[in-house]
Amino acid sequence: MVTPERREALLRSASEWRASVTEMDLPYVRNMAERAARNLEREAETGVATCICCNKPFGQGTLHR
């Protein structure tokens with residue numbers, strides 16, 4: 001479970017990632033910033049941090065041992 005303070009911090013970080021997207025020129029960088037924002041929002045909802053590349057919880061992905 002996510003504390004209200006942690007949830008607020010995660011959502012604030014997601015907003016900052018989205019705000020930075022407008023300053024980025026390269027499509028892959030904008031895409032990565034959007035994925036980071038979505039993962040932070042997902043963590044705020046579920047309390048589980050997930051990988052930006054595979055969306056699996058940390059420790060359960062192919063590259064995360």
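Me: Why is L10 called buried in this model?
Reply: Happy to walk through it. The model is predicted, and in it L10 has a relative accessibility of 3%. Buried means under 20%, so L10 counts as buried. You will find L10 in helix α1.

Me: What does L10 touch, leaving out residues up to four places away in sequence?
Reply: L10 touches V2, L40, E43 and A44. For each of these, contact means heavy atoms within 4.5 Å. A residue that sits apart from L10 is N31: the two are 21 residues apart along the chain, and their C-alpha atoms are separated by 19 Å.

Me: E43 is on that list, and its side chain is charged. What makes E43 buried or exposed?
Reply: The relative accessible area of E43 is 14%. The limit for buried is under 20%, so E43 is buried. E43 belongs to helix α2. Not counting residues up to four places away in sequence, E43 touches V2, R6, L10, V48 and A49. V2 also appears among the residues that L10 touches.

Me: How do you know which way α1 and α2 run relative to each other?
Reply: Start with the angle. Helix α1 covers residues 4-21, helix α2 covers residues 27-46, and the two pack at about 165°. Angles over 145 degrees count as roughly antiparallel, so α1 and α2 are roughly antiparallel to each other. Their axes are 8 Å apart, and the crossing is left-handed.

Me: Which residues make the contact between α1 and α2?
Reply: On the α1 side they are R6, R7, L10, L11, S13, A14, W17, R18, S20 and V21. On the α2 side they are R30, A33, E34, A36, A37, R38, L40, E41, E43 and A44. By type, the residues of this contact divide into ten nonpolar, two polar and eight charged.

Me: S20 is part of that contact. What makes S20 buried or exposed?
Reply: S20 has 18% relative accessibility. Since that falls under the 20% limit, S20 counts as buried. S20 lies in helix α1.

Me: How do you know that the side chain of S20 has a polar partner, and what is that partner?
Reply: A polar atom of the S20 side chain lies 2.7 Å from the backbone oxygen of W17. A polar contact asks for N or O atoms within 3.5 Å, and 2.7 Å meets that distance. As for R30, S20 and R30 are ten residues apart in sequence and 8.4 Å apart in space, C-alpha to C-alpha.

Me: Why is V29 called partly exposed?
Reply: V29 has 23% relative accessibility. Partly exposed lies between the buried limit of 20% and the exposed limit of 50%, so V29 counts as partly exposed. V29 sits in helix α2. From P4, V29 is 25 residues away in sequence and 30 Å away in space, C-alpha to C-alpha.

Me: What about L26: why is L26 called partly exposed?
Reply: The reasoning runs between those limits again: partly exposed covers values from 20% to 50%, and L26 has a relative accessible area of 43%. L26 is therefore partly exposed. L26 is found in the loop between α1 and α2. The C-alpha atoms of L26 and A14 are separated by 19 Å, with their positions twelve residues apart along the chain.

Me: What makes N55 stand out, and how exposed is N55?
Reply: Most residues other than glycine have a negative phi. N55 is not glycine, yet its phi is near 65°, a positive value. N55 sits in the segment after α2. Its 36% relative accessibility lies between 20% and 50%, so N55 counts as partly exposed.

Me: How many helices and strands does the whole chain have, and what share of its residues is buried?
Reply: The protein chain has two helices and zero strands. Buried residues make up 25% of its 65 residues. Taken along the principal axes, the C-alpha atoms fill a box of roughly 35 × 30 × 10 Å.

Notes:
Residues are numbered from 1 along each chain as its sequence is written. This is a predicted model: local features need pLDDT of at least 70, side-chain atom pairs count only at pLDDT 80 or more; totals for chains, interfaces and linings use all residues. Side-chain values use heavy atoms; hydrogens and water are left out. Helices (H or I, at least four residues) and strands (E, at least two) are DSSP runs, numbered from the N terminus. Buried means under 20% relative accessible area, exposed over 50%, partly exposed in between (1.4 Å probe, protein chains only). A polar contact is a pair of N or O atoms within 3.5 Å; within protein, one must be able to donate a hydrogen and the other to accept it, and residues adjacent in sequence count only if both atoms are side-chain atoms. Axes are lines fitted to C-alpha atoms, for helices over the stretch in contact, and angles run from 0 to 180 degrees between N-to-C directions. Angles under 35 degrees count as roughly parallel, over 145 as roughly antiparallel, 65 to 115 as roughly perpendicular and the rest as oblique. A crossing is left-handed if the near helix is turned anticlockwise from the far one by less than a right angle, and right-handed if clockwise.
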